[in-house]
Amino acid sequence: MKKSFPKSPRGPRAPRISNVLTDPIAFFCKDCELIVEGRPIGRKFVYKCARCGTKNVAFGTEKALRDFYRVKEESEVKKENTEQKSRKEP
Ligand SMILES: [Zn+2]
């Protein structure tokens with residue numbers, strides 16, 4: 001096997017960030033092990049759990065949090081029960 005790594009002709013990685021930023025931000029409390037409602041503390045990017053009050057809260061897209069922490073679907077916070085259509089963005 002040759003050790004030649006082909007460089008991508010388009011330069012650095014393809015920008016897929018915009019795809020992530022369109023998702024809403026969710027908060028995950030590591031103590032509750034749930035996706036919770038995050039409360040901002042002051043002007044810092046620190047959030048505390050609205051459920052137990054600790055600052056042991058991570059935030060990111062809901063999908064990323066689910067993948068990373070393996071949150072079960074049953075722990076999902078029920079907010080709206082309007083449509084059950086999967087997202088179709090143009
Ligand atoms: Zn909590």
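Which residue in β2 stands opposite Phe-28? Select Phe-28 and look across to the neighbouring strand: the residue standing opposite is Ile-35 in β2. Keep in mind throughout that this is a predicted model.

**The whole chain**

Zoom out before going further, and colour the protein chain by secondary structure, where you should find 2 helices and 5 strands. Followed from the N terminus, these elements run α-β-β-β-β-β-α. Of the 90 residues of the protein chain, 9% count as buried, and among the contacts between residues at least 6 apart in sequence, 44% join residues at least 24 apart.

**Strand β1 and its partners**

Next, select residues 25-29, which form strand β1; this strand is mostly covered, with 4 of its 5 residues buried. Add residues 57-61, the strand β5, and you will see that β1 and β5 run antiparallel and are joined by 5 bridges. Two positions help to fix the register of this pair: Cys-29 stands opposite Val-57 in β5, while Ala-26 stands opposite Gly-60 in β5.

Now add β2, residues 34-36, which also runs antiparallel to β1 and is joined to β1 by 3 bridges. With these elements displayed together, you have an open sheet of 3 strands in the order β2-β1-β5, with antiparallel pairing. The edge strands are β2 and β5, each of which pairs on one side only. Looking along the sheet, you can follow its twist, since neighbouring strands are turned by 40° against each other on average, direction ignored.

**The helix across the sheet**

Select residues 62-69 to bring up helix α2, which lies across β1, β2 and β5 and runs at about 125° to β5. Returning to Phe-28 in this view, and leaving aside residues up to four places away in sequence, you will find that Phe-28 touches Ile-35, Val-57, Ala-58, Leu-65, Tyr-69 and Val-71.

**The nonpolar core**

In soluble globular proteins, nonpolar side chains tend to be buried together. To see the largest nonpolar core here, show the side chains of Ala-26, Phe-27, Phe-28, Cys-29, Val-36, Tyr-47, Cys-49 and Val-57, 8 residues in all. The elements that give two or more residues to this core are β1 and β4, the latter spanning residues 47-49. The largest share, 4 residues, comes from β1.

**The hairpin turn at Glu-33**

Move to the loop between β1 and β2, where Glu-33 has its place. The hairpin formed by these two strands has 4 residues between them, and the backbone of Glu-33 deserves a look, as this residue has a positive phi of about 55° although it is not a glycine. Most residues other than glycine have a negative phi. Is Glu-33 buried or partly exposed? Glu-33 counts as partly exposed because it has 13 C-beta neighbours inside 10 Å, and a residue needs 20 or more to be called buried.

**The loop at Glu-37**

Finally, select Glu-37, which lies in the loop between β2 and β3, the latter covering residues 38-40. Glu-37 has 14 C-beta neighbours inside 10 Å and therefore also counts as partly exposed. Apart from residues up to four places away in sequence, Glu-37 touches Phe-27 and Ala-50. If you draw a distance between the C-alpha atoms of Glu-37 and Ala-50, which are 13 residues apart along the chain, you should read a separation of 5.5 Å.

Technical notes: Residues are numbered from 1 along each chain as its sequence is written. This is a predicted model: local features need pLDDT of at least 70, side-chain atom pairs count only at pLDDT 80 or more; totals for chains, interfaces and linings use all residues. A residue is buried if 20 or more other C-beta atoms lie within 10 Å of its own, exposed if 12 or fewer, and partly exposed in between; C-beta atoms are placed from the backbone. Two residues are in contact if their C-beta atoms, placed from the backbone, lie within 7 Å. Two strands pair if DSSP finds at least two bridges between them. Axes are lines fitted to C-alpha atoms, for helices over the stretch in contact, and angles run from 0 to 180 degrees between N-to-C directions. A nonpolar core is a set of buried Ala, Val, Leu, Ile, Met, Phe, Trp, Tyr and Cys residues joined through C-beta atoms within 7 Å.
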